[in-house]
Amino acid sequence: MKKLIAAMLVLLVAGVLVAGCGGTEQKKIVVGLDDNFPPMGFRDDKNNIVGFDVDMAKEATKRMGVAVEFKPIDWNSKEAELSGKRVDVLWNGLTITEKRKENILFSNAYMENRQIIVVAANSPVKTKADLAGKVIGTQEGSSSVEAIEKDAATMQSFKELKKYGDNVAALMDLKTGRLDAVVVDEVVGRYYIAKKPGEYSVLTEHFGSEEYGVGLRKDDKELAAKLQKALDEMKKDGTSAKISQQWFGEDIVK
């Protein structure tokens, strides 16, 4: 009986080891993104998910030898999606902040961005001081909210701060006059207004600069290391610069 039990224990341990080896191998990475965040991640005319971050993720996962799936999520619930393991990474113009670092493991910064103030081309608003008594729009759950809150004096001067599901909706309300200004990530704002020449203007002042990184779960250190290696290689051999050139007309990768 003792020999039988010992043999069963050996088989059980071996099975656990085999399962453990197979279980830790990453076969696919699910990328959580806001699919209405051009040019980082959005849907084209054929409803395909495209963008700068999408191309970066495709190249990085290819080098890592894993498949990639892009999963649109409610960006306001991104941390819950990540911690709940419904996505493996957040990769869509995700700003690195000290607050987010409490729950998210970030890659090295790969891009710098500012929170710009967009107004209508004929707007009397020329400075941050002119925002007093005005209705301002921004995307809920985005780092723009945190950037605005840091400038408490300016924020308190607003008549109202309206939060939208996405930046496109906010910019549409700016166009129709329901908003006086929109605070938005520069990469998104400039991409969008470039398609509407003469309709918008960007103020010289802004709500601060920030850096973008890829967000992972705090305990996914092995995956983070593999991803960082791929990103470093892409930077070194010029691939990330090439992708940047296609989307921005210049190399803005950090």
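Visitor: Which residues does the UniProt domain annotation cover?
Guide: The unreviewed UniProt entry carries the annotation "domain: Solute-binding protein family 3/N-terminal", and that record places it on residues 28-251. The model you are looking at is a predicted one, and over residues 28-251 its chain is 37% helix and 29% strand, with the end C-alpha atoms 29 Å apart.

Visitor: OK, sheets next. What's the strand order in the one that has strand 13 in it?
Guide: That is an open sheet of 5 strands in the order 5-1-6-13-7, and its pairing is mixed. Its edges are strand 5, residues 67-72, and strand 7, residues 104-106, each of which pairs on one side only.

Visitor: And in what sense do strand 7 and strand 13 pair?
Guide: Strand 7 pairs with strand 13, residues 215-217, in the antiparallel sense over 3 bridges, and within this part of the sheet Ile 104 stands opposite Arg 217 of strand 13.

Visitor: Which strands does helix 9 lie across?
Guide: Helix 9, residues 221-236, lies across strand 1, strand 7 and strand 13, and runs at about 155° to strand 13. Helix 2, residues 52-64, lies across strand 1 (28-33) and strand 5, running at about 150° to strand 5.

Visitor: Now the sheet with strand 8. What's its order?
Guide: Here 5 strands form an open sheet in the order 10-9-11-8-12, again with mixed pairing, and the edge strands are strand 10 (160-164) and strand 12 (200-212), each paired on one side only. From one strand to the next the twist averages 25°.

Visitor: What stands opposite Ile 117 there?
Guide: Val 183 in strand 11 stands opposite Ile 117, and the strands concerned, strand 8 (residues 111-120) and strand 11 (residues 181-185), pair in the antiparallel sense over 4 bridges. Helix 5 lies across strand 8, strand 9 (135-139), strand 10, strand 11 and strand 12, running at about 140° to strand 9.

Visitor: Switching to empty space: how much is in the largest pocket?
Guide: The largest pocket holds about 320 Å³ of space. It is lined by 15 residues, and those closest to its centre are Lys 99, Arg 100, Gly 141, Ser 142 and Glu 146.

Visitor: Which elements give two or more residues to that lining?
Guide: Those elements are helix 3 (78-83), helix 4 (98-101) and helix 5 (143-150), with helix 5 contributing the largest share, 3 residues. By class, the lining of the largest pocket divides into 1 nonpolar, 5 polar and 9 charged residues.

Visitor: How many cavities of 30 Å³ or more?
Guide: The count comes to 2 cavities of 30 Å³ or more. The largest cavity has about 80 Å³ of space, and the second largest has about 30 Å³.

Visitor: What lines the largest cavity?
Guide: Its lining residues include Asp 34, Phe 37, Trp 75, Arg 100, Ser 142 and Asp 185, and by class the lining has 3 nonpolar, 6 polar and 3 charged residues. Arg 100 and Ser 142 are also among the residues closest to the centre of the largest pocket.

Visitor: And what about the second largest cavity, which residues line that?
Guide: The second largest cavity is lined by Ile 29, Val 31, Thr 61, Met 64, Val 89, Trp 91, Leu 216, Leu 223 and Leu 227, which divide into 8 nonpolar, 1 polar and no charged. Strand 1, helix 2 and helix 9 each supply at least two residues of this lining, and both helices also lie across strand 1.

How values were computed. Residues are numbered from 1 along each chain as its sequence is written. This is a predicted model: local features need pLDDT of at least 70, side-chain atom pairs count only at pLDDT 80 or more; totals for chains, interfaces and linings use all residues. Side-chain values use heavy atoms; hydrogens and water are left out. Two strands pair if DSSP finds at least two bridges between them. Contact means heavy atoms within 4.5 Å. Axes are lines fitted to C-alpha atoms, for helices over the stretch in contact, and angles run from 0 to 180 degrees between N-to-C directions. On a 1 Å grid over the protein atoms alone, a cavity is a set of points where a 1.4 Å probe fits but cannot get out, and a pocket is an open set with protein on both sides within 12 Å along at least five of seven lines; lining residues have an atom within 4 Å of a point. Grid points are joined across faces, edges and corners, and a volume is the space filled by probe spheres set on the points. Ala, Val, Leu, Ile, Met, Phe, Trp, Tyr, Cys and Pro count as nonpolar, Asp, Glu, Lys and Arg as charged, and the others, Gly among them, as polar. UniProt positions are given in the numbering used here, feature names are shortened, and annotations may be inferred rather than shown by experiment.
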